[in-house]
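Trainee: Hi! I'm new to this one, could you walk me through it?
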Amino acid sequence: MFSRIIGQERAKKFLKQAMAKDKMPHAYLFTGIPGIGKTTMAVALAMALNCREPKGGDSCGRCACCRQILGGNSPDFVVIEPQGQFIKIEQVRELNRSLGFAPMGNCRVSVVRRAEAMTDEAANSFLKTLEEPPPGNIFVLSTTEPYDLLPTIVSRCQRVAFGPIPVKDMSNWFVKEMDKDEETAGILANISGGSLGRAIEISKTDYLDRRQEWLLRVLRLPGMPKDKVMELAVECATGEGKRGFKSPGYLGSPIMEMLFTWKTWYRDLMLLSAGGPPDQIINGDFSHKLKKMAETTIMKNLIESVLIINRAEIDLKRNRNVSLVMEHTILTLSRLAGRGRA
Ligand SMILES: [Zn+2]
C-alpha cells in the first residue's frame with residue numbers, strides 16, 4: 001500500500017525504518033498542504049502494522065486485515081475529523097472510550113484529521129491521552145497548520161513532513177490511472193500546486209473547458225479597442241455569475257476561478273520573459289502564444305497585472321460591487337498589456 005502513494009518517499013522511508021526497528025512512537029504528526037497523501041499514508045501504516053502477510057515492510061493488500069482497513073470497517077483504524085468547523089470534545093471522548101478496548105489486531109491506528117480544528121477542550125482532553133497512551137495504539141495527527149496546535153501536543157509527536165507532489169509524478173499518475181491525455185494531465189498537475197486531492201477535484205468539474213475561454217479573454221487584451229474592453233468587463237462581471245455551470249467552482253465561484261486562471265497566464269509570461277524553462281509553464285496548451293507574447297511584454301507590467309488581479313480577489317471577497325471591480329481590473333490589464341516594448 002505504501003507503494004501506491006505518489007511521491008513522499010522520505011516519509012515512507014522514515015515510517016518503514018521505524019517499523020523495521022520496531023521503534024514506533026506513540027504519536028505522529030503529519031504536516032503538509034491538503035491532498036498530498038497524509039491520510040492515505042496513515043491507512044498504509046495501519047495496514048502494514050496489521051497485515052497478516054506483509055512483504056518487505058509493506059502490506060499485502062489482500063488479507064482480511066488489509067481489506068477491512070481499506071474498506072473502512074476495521075476497529076483498528078479510527079478516523080476523527082472536524083464536524084462542521086471544529087473537532088469537539090465529544091468526539092475526543094468517544095475516541096478515548098474506544099481506546100479502553102484492546103486492538104483486535106497488532107495495533108490500532110487512530111487518525112485525527114485537521115488536528116488544528118480541535119477546540120481547546122478537545123485538545124486538552126486529547127493531550128491527556130497522549131500523555132498516557134494505552135498500549136497497542138498509535139496516533140496520527142494530520143495538519144496543514146502545525147503552529148495552531150498546542151505545543152504540548154506537538155512535542156509528544158514525531159513529526160513527519162509531507163511535501164507537494166512533483167508535477168511530473170502527478171501528471172504521470174493522471175495519464176496512467178485516470179486515462180487523461182498528456183496535455184490535460186500536465187495542466188491539472190500544474191494548476192494544483194502540488195496537491196493531488198485538489199487536482200482530482202478540479203478534474204471532476206468542467207474547469208478545463210471554462211479555462212480555455214477565460215484565457216482567450218486575456219489573450220485578446222493587447223491592442224483591443226476601449227469599447228471592446230468595456231464590453232469584455234461587463235461580460236466578465238455579469239456572465240460568470242449567470243451561467244449554469246455544472247459545478248460551483250473549486251475556488252468558490254466562477255469569477256474567482258477566472259481570476260486565478262488569469263494569474264497562471266501572467267505567471268507563465270513572467271517565467272518566459274525572465275528566460276525560465278519553457279517546460280515549466282502551466283498553460284502548456286497555449287505555449288506558442290505565450291512565447292510570442294513574452295517577446296513584447298515588460299516584466300514590470302506583468303508584475304503589476306498580477307497585483308491588480310490580487311486586488312480584485314480581495315475586493316470581491318469583501319463584497320465590493322462586481323461590475324466596478326471587473327471594469328477597473330480589465331481596463332488596467334488592458335492598459336498594461338497595451339504598453340509593449342516598442
Ligand atoms: Zn495484508
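Mentor: Happy to; we'll go through domains, rings, charged pairs and a couple of single residues. Keep in mind that this is a predicted model.

Trainee: Good to know. Which domains does the chain have?
Mentor: The domain assignment gives domain 1 (2–161), domain 2 (166–204) and domain 3 (205–338).

Trainee: What separates the centres of domain 2 and domain 3?
Mentor: Their centres, taken over C-alpha atoms, are 22 Å apart. Domain 2 brings 11 residues to the contact and domain 3 brings 12 residues.

Trainee: And what area is buried between domain 2 and domain 3?
Mentor: About 1000 Å² is buried between domain 2 and domain 3, and carbon and sulfur atoms give 64% of that area. On the domain 2 side, look at I187, I191 and I202, which supply 47% of the area that domain 2 buries against domain 3, more than any other three residues.

Trainee: How many salt bridges cross the interface of domain 2 and domain 3?
Mentor: The rule finds zero salt bridges across that interface.

Trainee: OK, how many salt bridges are there in the whole structure?
Mentor: The search of the whole structure finds 15 salt bridges. As background, side chains of opposite charge can pair when their charged atoms come close.

Trainee: Let's take K12. What does K12 form a salt bridge with?
Mentor: K12 pairs with E9, and their closest N and O atoms are 3.2 Å apart. Both residues lie in helix 1 (residues 9–20), three residues apart, about one turn of the helix.

Trainee: Are K12 and E9 buried or exposed?
Mentor: One of each. K12 is buried, with a relative accessible area of 8%, while E9 is exposed at 51%.

Trainee: Which parts of the chain does the pair of R211 and D285 tie together?
Mentor: Their side chains meet in a salt bridge at 2.6 Å, N to O. R211 lies in helix 10 (residues 207–219) and D285 in the loop between helix 12 (254–273) and helix 13 (287–294), so the pair ties together parts that are 74 residues apart in sequence. R211 is buried, with a relative accessible area of 1%, whereas D285 counts as partly exposed at 23%.

Trainee: Back to helix 10, then. What separates E213 and R217 there?
Mentor: E213 and R217 are separated by about one helical turn, being four residues apart in helix 10. They form a salt bridge, with the closest N and O atoms 3.5 Å apart. E213 is partly exposed, with a relative accessible area of 33%, and R217 is buried at 2%. There is also a network: salt bridges that share partners join D206, R210 and E257.

Trainee: Switching topic: how many aromatic pairs does a search of the whole structure find?
Mentor: It finds six aromatic pairs. One of them is F126 with F139, an edge-to-face pair with 5.6 Å from centre to centre and 90° between the planes. The pair links distant parts of the chain, with F126 in helix 5 (residues 120–131) and F139 in strand 4 (residues 137–143), 13 residues apart.

Trainee: Is F126 buried or exposed, and why does it count that way?
Mentor: F126 has a relative accessible area of 0%, and F139 also has 0%. Buried means under 20%, so both rings' residues count as buried.

Trainee: Which residues do ring pairs link into a cluster?
Mentor: Those are Y28, F30 and F162. There is a charge over a ring to see as well: R198 lies over the face of F260, at 5.4 Å from the ring centre.

Trainee: Last topic, single residues. Where is P133?
Mentor: P133 is in the loop between helix 5 and strand 4. Not counting residues up to four places away in sequence, P133 touches H26 and F139. Try finding L269 too: P133 and L269 are 136 residues apart in sequence and 54 Å apart in space, C-alpha to C-alpha.

Trainee: And D315, what is D315 in contact with?
Mentor: Leaving aside its neighbours within four places in sequence, D315 is in contact with R320 and V325. D315 lies in helix 14 (residues 299–317) and is buried, with a relative accessible area of 13%.

Conventions:
Residues are numbered from 1 along each chain as its sequence is written. This is a predicted model: local features need pLDDT of at least 70, side-chain atom pairs count only at pLDDT 80 or more; totals for chains, interfaces and linings use all residues. Side-chain values use heavy atoms; hydrogens and water are left out. Rings of Phe, Tyr and Trp (its six-membered ring) pair if their centres lie within 6.5 Å; planes under 30 degrees apart count as stacked, over 60 as edge-to-face and the rest as tilted. Helices (H or I, at least four residues) and strands (E, at least two) are DSSP runs, numbered from the N terminus. Buried means under 20% relative accessible area, exposed over 50%, partly exposed in between (1.4 Å probe, protein chains only). A charge sits over a ring if NZ of Lys or CZ of Arg is within 6 Å of the ring centre and within 35 degrees of the ring normal. Domain bounds come from an automatic or database domain assignment. Contact means heavy atoms within 4.5 Å. Buried area is the accessible area (1.4 Å probe) that two parts lose on being put together, summed over both. A salt bridge is a side-chain nitrogen of Lys or Arg within 4 Å of a carboxyl oxygen of Asp or Glu.
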